[in-house]
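I set out to record, entry by entry, what I looked up in this structure. The notes follow the order in which I consulted the model.

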Amino acid sequence: GGGGGDSGGDGDGDDSKWGSGKEVVGGGAVHTQVVPIQRELVPPSPPPESIAPSPAGGSVSRGSRGSSASRGSTNRSPAVGRKGSLGRSPGLGRRASQQWPLTTTWMPLRKLSSKAEEEPRVPGVISAADYADEEELAKLDVLYEQLPFLSDPSSALMRAVPCGKVAASYDTPEAVRTMSKFWQSNVGSLKDYSLSCPAQEATRFVSHTWQPPSDWEELMGKGVVFAEVKSALLAMAARDLVAKRNRAATSKSTPPSTSASMHGRATGGLDDARLAQRTNPIERWEDVTLWIDKCCVAQQHPIMVPTIARLDAFVRRCEGMVVLFTWDFFTRLWCVYEWGLFLVLHDAEHVQLCVDFFLHDRTQPRYVDAIRNFKLAGAKCFYASDMDLVTERVNAMYYSIDGFESFVKVAAITLVAVAIAKRAGLSHEPESADNELGVWADLASELGFSQLAEVLRRARPALWASQTLADDSSSSRHRSGSLPQQLGGTTGRTWRARLSTRVDAW
């Protein structure tokens, strides 16, 4: 298992994190459809002379409560269940070979091509012959051999993909259909991997479920294609981010983090310092860089194993996280883990929750029930061993499983409430946002989050929207001498941006 999506499944083999485990019978043999290709036992070559072995040894320690990760102590309140730090070393200065077990060694894929040609091809089975780019394969082979001797393997493995290569604007339906092909399956090829390129950081980590909810068609409609929706929503999230970044770049100073100023947490200050260095505008939404498992992890290659092992380092190197938040998100084990991992390393204000399209009258009860009844043990995974692994990591990051589950719930309610308050500026009936927040205030109260419930009940997003509109209209009238007929275009975007800023402060 690994990051960037879900490994949740119901045991039918269609929803594995790193490829399907479905067996295909052909040629008198049973072939596993998508698993790392089995390789002959060939020991890795010694490092080139130009690469100096790391002087330090030892294994990665999860540390203990109150220890510090490389990005600094977070000083989290125990009330929400987070430990004082991630408690994991990013692996700097340690031999990569001591951080994951090399249970099998391997033969470079290009040496398997002749064997693959001799064997009968099984329809639907990915083989070495599918990898045609010899240059890319050669780079992967060399990198895999060098990893045990690098002081910072995560830096060499970090990649990012421009948003324009995997998403399309909703007003270009043909492009949306084309890009949706990427989102139809979690099975990645070398072509998908080639979409990304080496990077030291990414703008957003993308967390999502690869498969639609089982009742998707019933609740969303027969003509709504899940893969197309994800492609369009990701482009919209990138547009919002570009607008926000450009506003920050034109402002004279970056205001302090709301959460940091309220709670005095070191993490908020570090995040703000980090973001303050990234105020240069991104000109196009297509240039927003993303970490997505399918194209940032080389599936079908042994380097996949050490890459997955460094998910925490990749999350740390992402400025924020985009969550395509369907109502079954918390039923997928690896989605839950990504959520918990990101919120240990970053503040919740750096989560872009894409829920507007999914959340409506018919799906609202599904979301409420999913958050109310969330249990880590109830999350789905393809391999039973994944549950043990994730449970171990959650115990390393949080004070207890119960604390983790409470924190997942309170963070989810908070982020959904923020999304609802912001869309008051997009609704013809902004008062509906006030009513919706009442549902989430009741849930917070039921779960024992009395302070959160009180804050949600006091919120008045419809009033905020009308006040912001009035202020903007007055300013527009002063400049032009009359009130615009429609608050669309630049004027509409401006006041909605101001409303969004006001909600963020709230």
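**Entry 1: Q300.** I looked up Q300 and found it buried, with a relative accessible area of 2%; I note here that the model is predicted. Because burial requires under 20% relative accessible area, the value of 2% places Q300 in that class. I located Q300 in the loop between α10 (293-296) and α11 (304-308). I then read its backbone: phi is positive, about 70 degrees, although Q300 is not a glycine.

**Entry 2: the chain as a whole.** I recorded 20 helices and eight strands in the chain. The chain has 506 residues, and I noted that buried residues make up 51% of them. I also looked up the contacts with a separation of 6 or more: residues 24 or more positions apart account for 80% of these.

**Entry 3: K230.** I asked myself whether K230 is buried or exposed. K230 is buried, and I read a relative accessible area of 0% for this lysine. I found K230 in helix α7, which covers residues 226-250. Setting aside neighbours within four places in sequence, I listed the contacts of K230 as W183, H208, T209, W210 and L324.

**Entry 4: charges over rings.** I looked up where charged side chains sit over aromatic faces. R159 lies over the face of Y193, and I noted 4.0 Å from the ring centre. For K294, I found the charged end over the ring of F182, at 4.7 Å from the centre of that ring.

**Entry 5: aromatic pairs.** I recorded 24 aromatic pairs in the structure. I took W327 and Y367 as one of the cases: their ring centres are 6.2 Å apart and the planes stand at 75 degrees, so I entered the pair as edge-to-face. Edge-to-face calls for planes over 60 degrees apart. I next asked which parts of the chain this pair ties together. W327 belongs to the loop between β7 (318-324) and α13 (333-345), while Y367 belongs to helix α14 (residues 364-372), so the pair links parts that are 40 residues apart in sequence. I checked burial for both partners, and W327 and Y367 are each buried.

I then looked up F329 and F330, which form an edge-to-face aromatic pair with 5.4 Å centre to centre and 75 degrees between the planes. I found both F329 and F330 to be buried.

**Entry 6: α16 against α17.** I examined the packing of helix α16 (residues 401-422) on helix α17 (residues 431-446) and read an angle of about 170 degrees, with the axes 10 Å apart. I therefore entered α16 as roughly antiparallel to α17. On the α16 side, I listed I413, V416, A417 and I420 as making the contact. On the α17 side, I listed A433, E436, L437, W440, L443 and A444. By class, I found nine nonpolar residues, no polar ones and one charged in this contact.

**Entry 7: I420.** I returned to I420, which is found in helix α16. I420 is buried, and its relative accessible area is 1%. Not counting residues up to four places away in sequence, I found that I420 touches L359, A433, E436, L437 and W440. I finally looked up how far I420 lies from D434: the two are 14 residues apart in sequence and 8.7 Å apart in space, C-alpha to C-alpha.

Definitions and conventions
Residues numbered from 1 in each chain as written. Heavy atoms only, no water. Axes fitted to C-alpha atoms, helices over the stretch in contact; angles between N-to-C directions. Helix = DSSP H or I, 4+ residues; strand = E, 2+ residues; numbered from the N terminus. Parallel < 35°, antiparallel > 145°, perpendicular 65-115°, else oblique. Contact = heavy atoms within 4.5 Å. Nonpolar A, V, L, I, M, F, W, Y, C, P; charged D, E, K, R; others polar. Phe/Tyr/Trp six-rings, centres within 6.5 Å; stacked < 30°, edge-to-face > 60°. Buried < 20%, exposed > 50% of the residue type's maximum accessible area, 1.4 Å probe, protein only. Lys NZ or Arg CZ within 6 Å of the ring centre and 35° of its normal.
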